[in-house]
Amino acid sequence: MIPVRQCLKLAPLCCQIRHGSRMFPQLKRGSFNRITDEDVNLFAGIVGQNGIKTEELDHYNTDWLNTVSGFTELVVSPKSVEEVAAVLRHCNGRRLAVVPQGGNTGLVGGSNPVFDEIVLSLERLNNISHIDPYAGIVECEAGVILQNLSDKVGEHGYTVPLDLGARGSCFIGGNLATHAGGLRVVRYGQLRGSVLGMRVVLPDGQILDGRSNMRKDNTGYDIKQLFIGSEGTLGVITDVSLLLPQTPVSVNMALFGCDSFDDVIKCYRLSRQCLGEIVSACEFMDSLCMTSVNDILGLASPLEDSHPFYYLVETSGMNMDHDMEKLETCIEKVFESGCATDGVMAASKDQARHMMSLRENIAPALKAVGFNYKYDVSLPIQHMYSLVEKIRNKMRKTEGAFSVGYGHLGDNNLHLNIITPQYCTQALSLIEPFVYEEVSRLKGSISAEHGMGLKKANYLRYSKDPSMIAMMRSLKDVFDPNGIMNPYKLLPWND
Amino acid sequence: MSGLRVLVGCKRVIDYAVKIRVRPDSLGVVTDGVKHSMNPFDENAIEEAVRMKQKKVVKEIVVASCGPSQSQETIRTALAMGADRGIHVEVPAGTDANLQPLAVAKIFSKLVEKEKPDLVILGKQAIDDDANQTTQLLAGMLDWPQGTMASVVSASDGSLTITREIDGGLEDISVSLPAVISADLRLNEPRYATLPNIMKAKKKKIEKMTPDKLGVDITPRLKILNVVDPPVRQAGDKVPDVTTLVEKLKEKGHL
């Protein structure tokens, strides 16, 4: 029986929710105070009655993957930077722990409370203040949903230099706090390169105003870079200025079927040589990923046969004829060299969207099958798939388990997923710390784009030198001496 | 029944997923630099012809398109899907927006004289003009039976059984060959043009023609006076209870 169907058959009907604290039984609640009615009334005074929620908080307590869940009793949603500052000032004075939360689409349990931390939601800071159509700059608040930002700047012929499957729910503030990667890093570079300015509120309520629209500004230390990727542990991002690329006029998509991962790498190399600067996404997936989206979500493969691997390349440019010429050369070279045995090119926007949806829906499809152990790692390209094969071998005796590999080939970023019918510590012990040891041995990163959050915090040493970790702790103490900002996250709490 | 020759029509239109913008002169929509693809209904038409060829009912598929030089790309897509050869009836760029169903039907009627197909399959309507006229006009000109809005087509001994999607539901008819049919969206799921086929398609023949050479007068009979955006939808009002709802309805004169 196909592994996907076998796993589905064994999985219980409901998803497992592992409380953050129970997932790590040795994790003890920090010495924070507990909220009282007075605190709640004070917050209501700052943000208004509409900005306080004390009931029906599952949505804030639990992560998108249904793998961690906390016990918060209060969600505070300020609607201005001043309100954020006032809320944090009070929390700092009262030693109340706080979890800043955006769209709650994180994959490492970093945006949810572990115990009773107050959730500070950015959902009401959703104003897009200004778009400069000449310079291609947008100023907006942290709570703007990525899709909305994209639509708004799209009206002026610009696009956001970041795109990921969670675009309909994630907030730009969260994208910055986690330094999200996504599909277009290969074209637009990492997000931090597009940030011109930011405003942040520190844990003690101080407002750090680093707002700027300058493309080049070498005046002193670039402090905003510290907050990008800090996962809400150093402060709360409230505003950002982003540099925007032009919306491409001509977008094309091609999907190739390959017999081996070596062939995928050859395909990738050829495509980058032929397509050069018009490449806007290079993704790969294995056959079990394709089977999952076919079977679980009913999305059909555009290729007739099934292939061991699939390579997806997207091009974006300003001139259709120019791009098509490059693509045709690329396709000829790929088939001449034999590194792909079949392929399709999208003949319409609909087809292009469908092909990308096959890649974007792998995570939702796998989520529906059973419990997902997700690993997002950077590896040298030639070793990217061997890790999947090694894990698959380790899991061969676990009933109903199957392993898949897919990801951003152009960034050497593998998404390794192991799926079991339900969470079990025995399976986890086969996977961890083996995965981290392997990645460390190959000098890769144990978290390419997902961040450390709660789930990976204790493994920081696999990718960072002790001296670096010590410096991170020093900086954390500088910004957050009371340790109230998103405790238990990012930095190891149990080495 | 086997060995039929099929003539399929396809049209290059603005891609259905593109956000249309009205031209500043209000006489049409902006087409410059906008993504174009094959009319979705025509994809169904080609797909049906290819499936009939796979079942060996059809021996040869000729695909024809009337339009500017870029229509060749649309013909190439059809060739990559499985058509055998193409005919491009070229009209000067810019005038293609005024190429109306009557003119197209006349052109196709001349192509039928030339190619002598047993069956003509067209898309039900083009998504730019939504006319749904060419099939009917052509059938009339040729005095051939027509099976329009086809969602199921099956062949047997010199005739076709067609299920049509009509306002009241579904209608089954039988047409004798030769005939003209128009494809609806539910007729089939069009295949993707695979890359090896796209490369093979480059070697397939596309014959070039003009309306003049066919002796067809394509002067438009209809003149577009004005093209405007639909009115912006007004925001609604949320009311807390039924009493307020009734009040508001009375206020606005709806009750």
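**Briefing: chains A and B**

Chain B is built from seven helices and eleven strands. Keep in mind that this is a predicted model. Below is a quick tour: chain B as a whole, then a nonpolar patch on its surface, then some backbone oddities in both chains, and finally a helix and a loop residue in chain A.

**Chain B overall**

- The C-alpha trace of chain B spans about 70 × 40 × 40 Å when laid out along its principal axes.
- Chain B has 255 residues, and 45% of them count as buried.
- If you take the contacts in chain B with a separation of 6 or more, 71% are between residues 24 or more positions apart.
- Its accessible surface adds up to about 13700 Å², with 52% of that belonging to carbon and sulfur atoms.
- On the charge side, chain B carries 36 positive and 34 negative charges, and the mean positions of the two sets sit 6 Å apart.

**A nonpolar patch on chain B**

- Six residues, B:V239, B:V242, B:L245, B:V246, B:L249 and B:L255, make a nonpolar surface patch of about 490 Å².
- One of the patch members, B:L255, is found in the segment after α7 (242–251) of chain B.
- B:L255 has a relative accessible area of 65%, so it counts as exposed. Patch residues need over 30% relative accessible area, and B:L255 has 65%.

**Cis peptide bonds**

- As background, most peptide bonds are trans. Here are two that go the other way, one from each chain.
- In chain A, the bond from A:E432 to A:P433 is cis, with omega near 5°. A:P433 lies in the loop between α16 (425–431) and α17 (434–441).
- In chain B, B:L177 and B:P178 are joined by a cis peptide bond with omega at about 0°. The proline, B:P178, lies in the loop between β9 (169–176) and β10 (179–183).

**Positive phi angles**

- Most residues other than glycine have a negative phi, which is the reason to flag the next two.
- A:R95 isn't a glycine, yet its phi is positive at about 55°. You'll find A:R95 in the loop between α5 (81–94) and β3 (98–101) of chain A. With a relative accessible area of 32%, A:R95 is partly exposed.
- B:D143 isn't a glycine either, and its phi is positive at about 60°. B:D143 is found in the loop between α4 (134–142) and β7 (146–156) of chain B. Its relative accessibility is 69%, so B:D143 counts as exposed.
- There's also a glycine with a positive phi: A:G298, near 65°, which follows α11 of chain A.

**Helix α11 of chain A**

- Helix α11 of chain A covers residues 287–297.
- Its buried residues are A:L288, A:C289, A:M290, A:T291, A:S292 and A:V293.

**A loop residue in chain A: A:Q49**

- A:Q49 lies in the loop between α3 (37–47) and β1 (52–53) of chain A.
- A:Q49 counts as exposed because its relative accessibility is 61%, and the cut-off for exposed is over 50%.
- A:Q49 and A:V76 are 27 residues apart along the chain, and their C-alpha atoms are separated by 9.7 Å.

Technical notes
Residues numbered from 1 in each chain as written. Chains lettered and ligands numbered in written order. Predicted model: local features only at pLDDT ≥ 70, side-chain atom pairs only at ≥ 80, totals over all residues. Heavy atoms only, no water. Patch = residues over 30% accessible without salt bridge, like charges linked within 9 Å, V, L, I, M, F, W, Y side chains within 5 Å. Areas by Shrake-Rupley, 256 points an atom, 1.4 Å probe, with all protein chains shown as cover. Salt bridge = Lys/Arg side-chain N within 4 Å of Asp/Glu carboxyl O. Helix = DSSP H or I, 4+ residues; strand = E, 2+ residues; numbered from the N terminus. Buried < 20%, exposed > 50% of the residue type's maximum accessible area, 1.4 Å probe, protein only. Contact = heavy atoms within 4.5 Å. Lys, Arg positive; Asp, Glu negative; His and termini not counted. Charge placed at Lys NZ, Arg CZ, Asp CG, Glu CD.
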